[in-house]
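Biologist: Could you take a close look at one part of this structure for me, and then work outwards from it step by step? I am in my first year, so please go slowly and say why wherever a reason can be given.

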Amino acid sequence: MAPVTLRSVKKSFGQSDVIHGVDIDMTDGEFVVLVGPSGCGKSTLLRMIAGLEPITSGEIDMGGRIVNDLEPKDRDIAMVFQNYALYPHMSVATNMGFSLEHRGASKAEIAERVQWAAEILGLEPLLKRYPRQLSGGQRQRVAMGRAIVRNPQVFLFDEPLSNLDAKLRVDMRGEIKALHQRLKTTTVYVTHDQVEAMTMADKIVVMNAGRVEQIGDPLDVYDAPANRFVAGFIGSPA
Ligand code: ADP
Ligand code: MG
């Protein structure tokens, strides 16, 4: 667990300014949801926190350490994507243990951590299966298992539920929240779905066109939107 602070974070791709100087404070263990319409810069911001995309200027601070120049593997984060990104030729257990193996953990250590994560996520019966033998919800659970085995300080989710049907999406929201209750890992969760944001967030960050329009407790934002954009997007009563 760690607090995460973004200070004047900007991103340009060539001549195109995509993130215009964003400041966000995330406290230790907080569940923060970045929400906004498609193309507003949510994934870019998340990828910069992950270290998958260099920042153009500003600072990213994790637990008191400026991580701007650190590779993804040297940041204490785990990321869960929309498309799961499971290795098709590896079993569930191997998928879950892969990042540990990659970091030189012993076989015994890997087995113990995979078992721990499988218990938490109810994946024990599926450990020997392959991704093609799993449902969408099960795949998403394996992707979460792969993220938690390392017990990172920060979880990053990029629209993890958007490929699931409506019923499963609602169930998985509950599972992700339950996981957060249990592990209390600082979480940055990206979605374009305002209902998902309102129901999951401790704090929501409403983005539009590369800027932060408002940050706050979801109900406060709903009751007192900062501007027309936020009111319209969140669906606050006029
Ligand atoms: P969101 O996740 O909110 O839908 P993105 O972060 O994916 O938005 O994209 C924000 C903007 O940055 C979009 O206009 C997109 O076209 C642009 N963008 C994203 N990645 C790149 C890239 N690698 N090169 C150029 N433009 C990009
Ligand atoms: Mg995106």
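Modeller: Ser 8 lies in strand β1, which covers residues 4-13, and, since this is a predicted model, everything said about this residue is computed from predicted atoms. The phi of Ser 8 is near 45°, which is a positive value in a residue that is not glycine. Is Ser 8 buried or exposed? It is exposed, because 12 other C-beta atoms lie within 10 Å, and 12 or fewer is the cut-off for that word.

Strand β1 belongs to an open sheet of four strands, whose order is β2-β1-β4-β5 and whose pairing is antiparallel. The edges of this sheet are β2 (16-26) and β5 (65-66), and each of them has a single partner strand, so one side of each is left without a neighbour in the sheet. As background, the strands of a sheet pair through backbone hydrogen bonds, in either a parallel or an antiparallel way.

Following the order of the sheet, β1 and β4 run antiparallel and are joined by five bridges. One residue lets you trace the sheet across: Thr 5 has Asp 61 in β4 as its bridge partner, and Asp 61 in turn stands opposite Ile 66 in β5. Strand β4 itself holds residues 57-62, and it pairs with β5 in the antiparallel sense over two bridges. These two strands, β4 and β5, form a hairpin with two residues between them, and in that turn Gly 63 has a positive phi of about 60°.

A positive phi appears again further along the chain, at Lys 184, where the value is about 55° although this residue is not a glycine. Lys 184 comes just after helix α5, in the loop between α5 and β8 (186-191). It counts as partly exposed, because it has 13 C-beta neighbours inside 10 Å. The helix before it, α5, has 18 residues (166-183) and reaches 26 Å from its first C-alpha to its last, close to the 26 Å expected at 1.5 Å a residue. Within helix α5 you will find Ala 178, which is exposed, with 12 other C-beta atoms within 10 Å. Ala 178 and Ile 148 are 30 residues apart in sequence, and their C-alpha atoms are 13 Å apart in space.

Ile 148 brings us to helix α4 (residues 136-148), whose 13 residues should span 18 Å at 1.5 Å a residue, and whose end C-alpha atoms are 19 Å apart, which agrees. Ten of the 13 residues of α4 are buried, so this helix is largely enclosed by the rest of the structure. Among the buried residues of α4 are Arg 139, Val 142, Met 144 and Ile 148. What covers them includes β6 (77-80), α2 (92-102), α3, β7 (154-158) and α5.

Of these covering elements, α3 (residues 107-121) is the place of Glu 112, a residue that is partly exposed, with 15 other C-beta atoms within 10 Å. Glu 112 and Phe 157 are 45 residues apart in sequence and 25 Å apart in space, from C-alpha to C-alpha.

In soluble globular proteins, nonpolar side chains tend to be buried together. Here the largest nonpolar core has 66 residues, and those with the most contacts inside it are Val 33, Leu 34, Leu 156, Val 188, Val 205 and Val 206. Leu 156, leaving aside its neighbours within four places in sequence, is in contact with Leu 46, Ile 49, Ala 50, Ile 77, Met 79 and Val 188.

Finally, there is the ligand to place. Among the residues around ligand 1 are Phe 13, Val 18, Gly 36, Lys 42 and Thr 44. The largest share of this shell, three residues, comes from helix α1 (residues 42-50). By type, the shell around ligand 1 divides into three nonpolar residues, six polar ones and one charged.

How values were computed
Residues are numbered from 1 along each chain as its sequence is written. Chains are lettered from A and ligands numbered from 1 in the order in which they are written. This is a predicted model: local features need pLDDT of at least 70, side-chain atom pairs count only at pLDDT 80 or more; totals for chains, interfaces and linings use all residues. A residue is near a molecule or strand if its C-beta atom, placed from the backbone, lies within 6 Å of it. Ala, Val, Leu, Ile, Met, Phe, Trp, Tyr, Cys and Pro count as nonpolar, Asp, Glu, Lys and Arg as charged, and the others, Gly among them, as polar. The expected span of a helix is 1.5 Å times one less than its number of residues. Two strands pair if DSSP finds at least two bridges between them. A nonpolar core is a set of buried Ala, Val, Leu, Ile, Met, Phe, Trp, Tyr and Cys residues joined through C-beta atoms within 7 Å. A residue is buried if 20 or more other C-beta atoms lie within 10 Å of its own, exposed if 12 or fewer, and partly exposed in between; C-beta atoms are placed from the backbone. Two residues are in contact if their C-beta atoms, placed from the backbone, lie within 7 Å.
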